[in-house]
Amino acid sequence: MSTPREASPTIRAHQQRMREALPFSDEQDFEDANRGFIAKRSPNAITDDAGKVVWDNDTYDFLQGEAPDTVNPSLWRQSRLNAIQGLFEVVPGIYQVRGFDLANVTFIEGDEGVLVLDPLVTEETAAAALALYRENRGDKAVTGVLFTHPHVDHFGGVRGVVSQEDVDSGKVPVIAPAEFSEHAASENVYAGTAMARRSAYQFGAALARGPQGAVGAGLAQTVSTGNITLISPTLDITKTGQEETVDGVHMVFQMAPGSEAPAEFLVYFPDHKALCTAEDATHTLHNILTLRGALVRDPHAWAGYLTETIDLWGGEAEIVFASHHWPMWGKDRVVTFLTEQRDLYAYLHDQTLRLINKGWTGSEIAEHLPLPPALDQAWHARGYYGSVSHNLKAIYQRYMGWYDGNPAHLWLHPPVEQGKRYIMLAGGADAIVTNAQEAFDAGDYRWAAEILSHVVFAEPKYQAARDLLADTFEQLGYGAENGIWRNAYLSGATELRDGGFGTPTVAASADVISALTPEMLFDAIAIQVDGPKAWDLVLTIGVVLTDTDTRYRLTLRNGVLTYTSAAQPDEADVTLTTTARALPAIAMGGLSAEGMKQAGIEVTGDASVLAQLAGVLDPGDPDFAIVTP
């Protein structure tokens with residue numbers, strides 16, 4: 001492994017300016033983050049059945065005292081807060097385990113047992129969190145599970161707290177917003193390979209922990225790397241104001257689709273006067289478009305939901321807590337927090353549109369639009385996870401798309417061809433590296449990164465360019481206040497120096513794939529078809545689902561796999577007969593006739609058609625290059 005460099009004079013000066021600009025004397029967040037502490041797990045290294053460590057919060061024990069020059073002091077402060085771990089009482093009857101994964105898990109005590117809200121990323125961390133809760137609050141049975149939204153850190157550990165049998169029997173309801181399953185499966189499968197690979201950069205899961213490496217992701221520290229699970233919801237929340245009582249726990253829901261997730265709810269516990277804001281109001285500016293990739297979110301709707309939240313429970317709620325970070329107490333503080341979070345998203349949205357209509361492009365808006373002073377000085381509005389810069393570009397993208405209106409940008413060369421031409425223009429790669437070194441020495445790391453990237457894409461074996469680009473990324477990472485910007489820069493530096501590290505956490509697990517509807521499963525196969533390779537193939541596959549009395553016809557023609565449930569006048573080349581629950585085996589076990597047989601899927605007709613389809617499938621690459629061609 002390569003040796004990290006020290007912070008440059010430019011970065012040291014930048015860090016000092018941050019220390020002087022922000023209210024570091026305000027210690028309220030530290031009081032809140034430690035309030036209600038009951039116990040912690042020590043040591044807090046969590047392993048899977050094979051003994052592999054999937055989470056170790058103790059690796060962040062270095063987050064003590066003042067920030068070193070290699071970490072932005074604002075991010076250092078946030079990471080110190082996020083690294084606080086253990087079981088905490090939010091209010092009597094509501095408890096959180098924090099510091100066990102990317103998210104928090106919340107336990108709401110009922111008449112007979114306990115409801116579990118957002119059971120983390122993996123079953124190992126969720127099981128460890130439940131064990132800590134039971135060690136201190138008694139061996140209570142799980143009597144309900146809630147998923148606030150379909151991001152994996154809010155459902156992936158569900159089998160660590162409840163069994164499929166208890167859910168199927170009706171003993172334990174699983175509550176989620178309407179369309180949860182569709183979005184949970186589609187986000188983690190359709191573009192799942194690419195998102196997971198980019199998530200490795202975003203969360204820095206492969207980076208060494210330490211002042212010159214990973215210090216956290218702003219939203220929390222990082223993701224666990226255990227087994228991601230999913231149990232389908234049994235009770236959908238469909239409208240704001242819907243009330244449910246489970247095990248004596250009274251809940252009132254607010255729908256917030258299209259905010260931080262395409263399906264999301266907030267939930268109020270009136271008996272406790274406690275509001276869970278899911279991920280719509282946390283101690284950071286959140287992402288309008290996360291760096292791992294996703295659909296662009298709607299900041300206008302997001303702000304509107306928070307206005308509605310204030311209207312519904314402002315002045316009544318005494319505690320606000322979320323699926324990340326730490327709670328806040330006091331009616332006035334709750335309203336102030338929600339108001340400032342609302343204003344944050346509304347301001348970014350409205351001001352971006354104002355400048356769009358003056359002809360500004362996304363990059364211009366991002367460079368020149370500051371936050372109002374009151375928001376800029378509010379710790380919970382700082383850009384630790386989302387940033388003002390990339391959120392403004394995302395809002396531009398939402399309304400205007402990728403094209404900025406300048407015809408010169410309409411048909412740009414791809415990176416390798418751009419690189420070759422920049423090298424020719426500069427008089428050779430050596431000239432660019434020389435100029436980049438001058439920019440680096442002057443502290444202009446943004447320009448050094450831009451021109452060095454052209455050399456690396458055109459001549460990926462040019463070691464001097466790779467080394468200087470790695471050094472440049474490293475300094476940019478050291479200066480970043482945003483946790484995922486830091487992780488992205490340092491991940492780029494790591495791969496340039498030491499080679500690719502792949503994808504530490506894969507969200508498209510067997511449980512997630514099994515949650516796909518038949519139509520979504522067919523779509524997931526269709527996006528793997530190598531179109532040019534399949535141009536001349538014409539084949540049909542029938543699918544008969546005996547438990548739902550449904551028939552599908554899949555057709556591969558012109559390099560496109562399509563499907564329909566309409567009645568067909570002829571027999572398909574091959575027919576698969578099975579159940580809806582067993583059907584996902586074709587994605588997990590391949591398309592071989594033998595694999596079908598082992599999965600209990602009956603194959604009739606020309607089984608070679610399955611092999612022909614399999615022969616033109618081109619699965620994603622979980623280790624594709626990012627900072628090199």
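The exercises below, each with a worked solution, concern a predicted model.

Residues are numbered from 1 along each chain as its sequence is written, and side-chain values use heavy atoms, with hydrogens and water left out. Because the model is predicted, local features need pLDDT of at least 70 and side-chain atom pairs count only at pLDDT 80 or more, while totals for chains, interfaces and linings use all residues.

**Exercise 1. Work out what span helix H1 should have, and compare it with the distance between its end C-alpha atoms.**

Step 1: Helices are DSSP runs of H or I with at least four residues, numbered from the N terminus, and strands are runs of E with at least two. Helix H1 covers residues 9-21, which makes 13 residues.
Step 2: The expected span is 1.5 Å times one less than the number of residues, and for H1 this should be 18 Å.
Step 3: The end C-alpha atoms of H1 are 18 Å apart, which agrees.

**Exercise 2. Find which residues of H1 are buried, and explain why they are on the same side.**

Step 1: Buried means under 20% relative accessible area, exposed over 50%, and partly exposed in between, with a 1.4 Å probe and protein chains only. In H1, Ile 11, Gln 15 and Met 18 are buried.
Step 2: They cover an arc of only 55 degrees around the axis, taken from the directions from the helix axis to the C-beta atoms, and therefore they lie on the same side of H1.
Step 3: An α-helix has 3.6 residues a turn, so residues three or four places apart point the same way.
Step 4: On the other side of H1, Pro 9 and Glu 20 are exposed.
Step 5: The buried residues of H1 pack against helices H3 (73-82), H15 (445-458) and H16 (463-479), where contact means heavy atoms within 4.5 Å.

**Exercise 3. Describe the surroundings of Arg 98, which is buried yet has no salt bridge.**

Step 1: Arg 98 belongs to strand S5, residues 94-98.
Step 2: A salt bridge needs a side-chain nitrogen of Lys or Arg within 4 Å of a carboxyl oxygen of Asp or Glu; Lys and Arg count as positive and Asp and Glu as negative, whereas His and the chain ends are not counted. The nearest side chain of opposite charge to Arg 98 is that of Asp 32, 8.9 Å away.
Step 3: The side chain of Arg 98 does reach the backbone oxygen of Ala 33, at 2.8 Å.

Conventions: Polar contact = N/O pair within 3.5 Å; in protein donor to acceptor, adjacent residues only side chain to side chain.
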